[in-house]
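Colleague: I would like to learn how to read a helix in a model. Can we work through one together?

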Amino acid sequence: MANQKRVMRVLRKDDLDAIVRIDQVASKQDRREYYARKIAATLNPNHNINVSLVCEIDGRVAGFVMGDIYFGEFGIPETSATIDTIGVDPALQGHGVGSELLDQFMTNMKVAGVKKVYTSVNWDDFALARFFSRQRFAPSKRVNLEYAVA
């Protein structure tokens, strides 16, 4: 692992297959349509700034983080960002790929003038909650609300 060359770069359209493969192992679902739509929206210059990243190890996608920058949405006056999707190849988990992706994402957010980065984790996803806690995320003062449409 230590000798392999890691490259952080912005997400590209041709990352779809690798992202779907990584996600499919974690989610046990084929979410190709979701990721195809998400990548298309991310890469649409009228959408926003492409802040989504991938980590390549020796030319192969090892992980990804997808998010957005917001300029006043949700009643938040300062520039903020969200992380809505993160994934690391299961064979490479525990080797710092996710941490490096978040470090680069946070560096990019600071340069963009972002004051806070938000994410949401299912209450029973203890592994993901621990990961974000190790990355200095803490419970937000904002409350996520949901409405079950019956």
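**Reading helix α3**

Modeller: This is a predicted model. Begin with the surroundings: β1 (6-10), β2 (53-57), β3 (60-70), β4 (80-88), β5 (116-119) and α4 (126-134) are among what covers the buried residues of α3.

Colleague: Which residues of α3 are buried?

Modeller: Buried means under 20% relative accessible area. In α3, that applies to V97, G98, L101, L102, F105 and M109.

Colleague: Why do these residues lie on the same side of α3?

Modeller: The general idea comes from the helical repeat. An α-helix has 3.6 residues a turn, so residues three or four places apart point the same way. In this case, the buried residues of α3 are V97, G98, L101, L102, F105 and M109. They span an arc of only 125 degrees around the axis, which places them on the same side of α3.

Colleague: Which exposed residues does the face turned away from the buried side carry?

Modeller: Exposed means over 50% relative accessible area. On that face of α3, the exposed residues are K110 and V111.

Colleague: How many residues does α3 have, and what span does it reach?

Modeller: A helix can be checked by setting its end-to-end span against the expected one. α3 takes in residues 97-111, 15 residues in total, and reaches 21 Å from its first C-alpha to its last. That is close to the 21 Å expected at 1.5 Å a residue.

Colleague: What follows α3?

Modeller: G113 follows α3, and the phi of G113 is positive, near 85 degrees.

Colleague: And on the other side, where is Q93?

Modeller: Q93 sits in the loop between β4 and α3. Its relative accessibility is 48%, so Q93 counts as partly exposed. Sequence distance and spatial distance are separate readings: Q93 and V25 are 68 residues apart in sequence, and their C-alpha atoms are 12 Å apart in space.

Colleague: Now the whole chain. What order do its elements run in?

Modeller: The chain has 4 helices and 5 strands. Starting at the N terminus, the order is β-α-α-β-β-β-α-β-α. The radius of gyration of the chain is 16 Å, close to the 15 Å that the globule rule gives for 150 residues, so the chain is as compact as a globular protein of that length.

Colleague: What do the contacts and the surface add?

Modeller: Among contacts in the chain with a separation of 6 or more, 61% are between residues 24 or more positions apart. Of the 150 residues, 35% count as buried. The chain exposes about 9,800 Å², with carbon and sulfur atoms supplying 53% of it.

How values were computed:
Residues numbered from 1 in each chain as written. Predicted model: local features only at pLDDT ≥ 70, side-chain atom pairs only at ≥ 80, totals over all residues. Heavy atoms only, no water. Helix = DSSP H or I, 4+ residues; strand = E, 2+ residues; numbered from the N terminus. Expected span 1.5 Å × (residues − 1). Buried < 20%, exposed > 50% of the residue type's maximum accessible area, 1.4 Å probe, protein only. Arc of directions from axis to C-beta. Contact = heavy atoms within 4.5 Å. Rg over C-alpha atoms; globule rule 2.2 N^0.38 Å. Areas by Shrake-Rupley, 256 points an atom, 1.4 Å probe, with all protein chains shown as cover.
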